[in-house]
Amino acid sequence: MMNKPKAEKKAKSAFSRMEVSNRIFYAVMLIFPIAQFLVFYVGVNINSISLAFREYQFDEGGVYTFAGLQNFRNLFRNLFTMNYAPTLLKNSLILYFCGLCVGVPLALFFSYYIYKKSPCSKIFRVILFLPSIISSIVMVIIFRYFAERAVPELVRIFFGKEIPGLLENSETIFGTLIFYNLFINFGGNVLLYTGAMAAIDESCVEAAKLDGAGYFREFFFITIPQIFPTIATFLVVGMAGIFVNEMNLYAFFGPDAETAVSTIGYMLFRDTLEGTVSNYPYLSAFGLFLTVVSLPLVIGVKVGLDRVSRAILD
């Protein structure tokens with residue numbers, strides 16, 4: 001009986017050493033991601049935020065000086081005078097809602113088809129994922145050839161009509177670009193949704209089958225609720241990217257995309273890439289303004305989806 005306290009003390013000592021060792025291991029493993037976050041996110045954004053309150057002075061030897069809110073005053077004045085600003089906002093919102101209302105449901109249905117190991121599911125997995133691993137420029141070249149040459153030729157052969165290329169026709173160019181963006185992002189979404197579905201407990205699926213649930217009931221009442229946190233993550237990320245999505249326009253047209261099909265993200269990307277050091281403060285102010293606008297939306301959507309997720313899982 002006298003040895004029992006010693007044994008307990010020895011066990012506690014061993015547990016304490018293991019706990020210290022585990023904490024050291026976690027700390028070492030966290031050094032790299034934390035350093036990466038501090039350098040590539042905090043450091044870069046601090047520089048961008050500071051630029052929003054500066055201006056470039058050519059007369060003083062080419063240096064940035066404090067300008068207060070001048071860049072924001074210029075920004076708000078331009079927003080109310082630019083006649084194409086509503087077009088950029090409208091195109092950005094259309095792109096987002098097309099991805100939300102068309103891309104997400106289709107990705108979920110195809111993911112479920114692959115998850116159930118239906119006929120040709122492995123072939124579909126490879127075909128859908130190929131655009132995600134092929135260079136974006138290569139995909140743009142292939143799609144451009146298809147839209148500009150193959151489609152008009154197919155229409156001529158089967159319907160006997162002559163039509164211009166889909167990217168040359170002002171009536172079809174925007175819809176064609178929307179289709180391309182949905183297609184190019186489809187494979188990655190399907191892959192992630194399929195991975196989330198593969199983690200569903202098989203006992204839930206078996207219980208649903210015993211209760212007589214078919215594929216559709218299983219999809220809506222078992223699969224969707226189980227992977228809703230993954231769906232919520234995609235929705236939040238999509239909301240955060242409304243103002244930065246350039247719709248692959250630079251890959252298609254370089255800096256010469258028409259205003260009628262441009263988005264806010266494309267304008268920022270093009271002006272930053274093609275601009276000079278004197279334009280960076282104004283662009284930084286624009287980016288900071290968009291962050292202030294989108295942050296409450298993203299937080300609100302995340303809070304709402306978290307509540308829905310907890311209600312579903314409970």
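This is a short dialogue on reading pockets, a cavity and helix packing in a predicted model.

Colleague: Before we start, what should I keep in mind about this model?

Modeller: The model is predicted, so local features need pLDDT of at least 70 and side-chain atom pairs count only at pLDDT 80 or more, while totals for chains, interfaces and linings use all residues. Residues are numbered from 1 along each chain as its sequence is written, and side-chain values use heavy atoms, with hydrogens and water left out.

Colleague: How do I read empty space, and what is the volume of the largest pocket?

Modeller: Rolling a probe the size of a water molecule over the atoms shows where empty space is left. On a 1 Å grid over the protein atoms alone, a cavity is a set of points where a 1.4 Å probe fits but cannot get out, whereas a pocket is an open set with protein on both sides within 12 Å along at least five of seven lines; lining residues have an atom within 4 Å of a point. Grid points are joined across faces, edges and corners, and the volume is the space filled by probe spheres set on the points. Here the largest pocket has a volume of about 650 Å³.

Colleague: Which residues lie nearest the centre of the largest pocket?

Modeller: Asn45, Val244, Gly287, Leu288 and Thr291 do, out of 22 lining residues. The elements giving two or more residues to this lining are α1 (3–51), α11 (264–274) and α12 (280–313); helices are DSSP runs (H or I, at least four residues), numbered from the N terminus. The most comes from α12, with 9 residues. By class, the lining has 14 nonpolar, 8 polar and no charged residues, where Ala, Val, Leu, Ile, Met, Phe, Trp, Tyr, Cys and Pro count as nonpolar, Asp, Glu, Lys and Arg as charged, and the others, Gly among them, as polar.

Colleague: And which element gives the most to the lining of the second largest pocket?

Modeller: That is α3, with 7 residues. The second largest pocket has a volume of about 510 Å³, and of its 20 lining residues Gly99, Asn185, Asn189, Gly238 and Asn245 lie nearest the centre. Two or more residues each come from α3 (85–115), α6 (173–198) and α9 (228–240). The lining of the second largest pocket divides into 11 nonpolar, 9 polar and no charged residues.

Colleague: How do I describe the packing of α3 and α6, and at what angle do their axes cross?

Modeller: Two packed helices are described by the angle between their axes and the distance between the axes. Axes are lines fitted to C-alpha atoms, for helices over the stretch in contact, and angles run from 0 to 180 degrees between N-to-C directions. The axes of α3 and α6 cross at roughly 40° and come within 7 Å. That makes α3 oblique to α6; angles under 35 degrees count as roughly parallel, over 145 as roughly antiparallel, 65 to 115 as roughly perpendicular and the rest as oblique.

Colleague: What about α3 and α4, and which residues make their contact?

Modeller: These two pack at an angle of about 135°, with axes 8 Å apart, and are therefore oblique to each other. Phe110, Tyr113 and Ile114 of α3 meet Ser121, Phe124, Arg125 and Leu128 of α4, contact meaning heavy atoms within 4.5 Å.

Colleague: Finally, how many cavities of 30 Å³ or more does the structure hold?

Modeller: It holds 1, and the largest cavity has a volume of about 40 Å³. Its lining consists of Ile114, Arg125, Leu128, Phe129, Gly187, Val190, Leu191 and Thr194.
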